[in-house]
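Please open the model in your viewer and keep the sequence panel beside it, since each stop on this tour begins with a selection. The stops follow one another from element to element, so it helps to keep earlier selections visible.

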Amino acid sequence: MNSYEQNYIDGKWVDSNGGTAHDVISPSTEEPVTKVVLGTKADVDAAVDAARRAFASFSQTSREERAELLGRIVEEYKKRIPDLAKSMAAEMGAPVSFASAAQAPAGLGAFLSTIPALQNFEFEQQEGKTKVVYEPIGVVGMITPWNWPLNQIALKVAPALAGGNTIVLKPSEECPGNAAIFAEILDAAGVPPGVFNLVQGDGPTVGEAISAHPGIDMVSFTGSTRAGILVAKAAADTLKRVHQELGGKAPNIVLPGAKLEEVLPPTIGGVMANAGQSCIAPTRVLVHKDDEAEAIAVTNRIVNSQEVGDPMVEGGHMGPVVNKTQHDKIRELITSAIDEGAKLETGGPDLPAGVNRGYYIKPTVFSGVTPDMRIAKEETFGPVVTIMKYDDLDQAVAIANDTDYGLSAVISGDPQAASEIAPRLRAGMVSVNSWAPAPGAPFGGYKQSGNGREGGVHGMRDFMEVKAITGTA
């Protein structure tokens, strides 16, 4: 087993003050694979103290100094991509090939896109007689998930550092190893002591302590909407800024007459990627009633070609979902769809062929799904495609917007026609003939998908305070 039994506080690896040992269970073998120590409120206090001390000097560093620091982090990060990939494959089940090609590079990309954003950022603007100044907000508490762990860590850490802030990070206890390696990367890059601090732990203890801590000026959270509500409530008494990226239920509006063999593979692929554990996975495929039969046939071919296998083995297969809780939830939603009258085209609630252990889900397709079904409303977070039909584009837009979430949406078909539909969708991101936004684009959503943005210039602004200075000129 790998072992990461210390926290990284004030530039040193230190033992927890009263923490408890925790085994991470491999989703492919159902056996312990990593040991960490879950931290305590005292650990958070120590990390916050270190971050507040470091803020006094780090907040005064120049743009050039911080850009140079981000560049050193990039170089150290590149060296550790193989280690990061193996850690994620073992702990959360992303196949090592996928982790090497997508998971680990996603975190690197966040730093690469932040560097030009920092270099071009206008820290001062003159508006009439007022000078408007962007300044670091202070100590930022970060709580990150397990599904794209490095991407979500880097999308917070990179702009926070670029803005001159200091950090206390709590990664998911389901996938903690990559965060420990990330801390080693920042240490090797020469991040000053106290600027970045890592406290391993769970939500009810360390997450709660970060959210409620009076010494933390902002909390940035990525995870479920349910947990996001708890973070906001815990933060309310201190009136700190709460920045959240939460759940999603992305639609994929397939325009009438679209060439399905061309437009569906890259977007259905977004539901299969990472075993469906992506908040922007376009699971709700909306097709015109005249195209439904062909869409079902094409989708079935795509999904049936998706192999499932051991995440520690190289290859293009799909791994398991992260844990038993997620596995049981996805299977229960699949069963609910069958019970509510959807047609199971392929897949289902049983383990894939050739698998007798692990938290694997059969790649699954349903047709005949209606907006009132649970499978159409709840975030599945698994490799499950639901095909829904519409009569006209007005109805398609209405179905797409009929959700508590508003993180992302996809439109498949002619880009010019898609440009007319995109403004009508109540989502923070719209991608055409692709399931993911461009690197550096503002990432975030409407409604119960959260508030605030990550990535690029907009991501930097969200980690800054705005000061108005009048009368100096």
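In this predicted model, begin by selecting helix α10 together with its surroundings, because contact here means heavy atoms within 4.5 Å: the buried residues of α10 pack against α9 (260-272), β14 (284-288), β15 (343-346), β16 (364-367) and β17 (384-390). Now colour the buried positions of the helix itself, which are Glu-292, Ala-295, Ile-296, Val-298, Thr-299, Asn-300, Ile-302 and Val-303. The helix covers residues 292-304, 13 residues in total, and from its first C-alpha to its last it reaches 18 Å, close to the 18 Å expected at 1.5 Å a residue.

**The sheet beside α10**

Next, select the strands of the open seven-stranded sheet, whose order is β15-β16-β17-β14-β13-β19-β20 and whose pairing is mixed. At its edges you will find β15 and β20 (429-432), each of which pairs on one side only. If you look along the sheet, the twist from one strand to the next averages 25°. Helix α10 packs on this sheet, where it touches β14, β15, β16 and β17, and its direction makes about 170° with that of β17.

Within this sheet, select strand β13 (residues 251-254) and β14, which run parallel and are joined by four bridges. Which residue of β14 is the bridge partner of Pro-251? It is Arg-284, so that a label on each of the two residues marks one place where these strands meet.

Then add helix α11 (residues 324-339), which lies across β15, β16 and β17 and runs at about 25° to β16.

**From α10 to α9 through a charged pair**

Return to α10 and show the side chains of Glu-261 and Arg-301, which form a salt bridge whose closest N and O atoms are 2.2 Å apart. Glu-261 lies in helix α9 and Arg-301 in helix α10, so the pair ties together parts that are 40 residues apart in sequence. Are these two side chains buried, exposed or partly exposed? Glu-261 is partly exposed, with a relative accessible area of 46%, and Arg-301 also counts as partly exposed, at 47% relative accessibility.

**Salt bridges within helices**

The structure holds 21 salt bridges, and some further ones are worth selecting in turn. Side chains of opposite charge can pair when their charged atoms come close.

Move to helix α1 (residues 41-58) and select Asp-45 and Lys-41, which are four residues apart and therefore separated by about one helical turn. They form a salt bridge in which the closest N and O atoms are 3.4 Å apart. With 24% relative accessibility, Asp-45 counts as partly exposed.

Then go on to helix α2 (residues 63-79), where Lys-79 and Glu-76 both lie, three residues apart, about one turn of the helix. The salt bridge between Lys-79 and Glu-76 has its closest N and O atoms 3.2 Å apart. Lys-79 counts as exposed, because its relative accessibility is 56% and exposed begins over 50%.

To see charged residues that form a network, select Asp-10, Lys-12 and Arg-53, which are linked by salt bridges.

**A β-α-β unit and its neighbour**

Now select strand β11 (residues 218-222) and strand β12 (residues 241-245), which run parallel and are joined by five bridges. In this pairing Thr-222 stands opposite Glu-245 in β12. Adding helix α8 (residues 225-236) to the selection completes a right-handed β-α-β unit made of β11, α8 and β12.

Keep β12 selected and add strand β22 (residues 450-451), which runs antiparallel to β12 and is joined to it by two bridges. The bridge partner of Gln-244 in β22 is Asn-451.

**The three-stranded sheet**

For the last stop, select the open sheet of three strands, which has the order β6-β7-β23 with antiparallel pairing. Its edge strands are β6 (124-127) and β23 (464-470), and each of these pairs on one side only. Neighbouring strands of this sheet are turned by 25° against each other on average, direction ignored.

How many bridges pair strand β7 (residues 130-136) with β23? There are seven, in the antiparallel sense, and along this pairing Val-132 stands opposite Ala-468 in β23.

Definitions and conventions: Residues numbered from 1 in each chain as written. Predicted model: local features only at pLDDT ≥ 70, side-chain atom pairs only at ≥ 80, totals over all residues. Heavy atoms only, no water. Expected span 1.5 Å × (residues − 1). Buried < 20%, exposed > 50% of the residue type's maximum accessible area, 1.4 Å probe, protein only. Salt bridge = Lys/Arg side-chain N within 4 Å of Asp/Glu carboxyl O. Pairing = 2+ DSSP bridges. Axes fitted to C-alpha atoms, helices over the stretch in contact; angles between N-to-C directions. Right-handed = clockwise from strand over helix to strand, strands pointing away.
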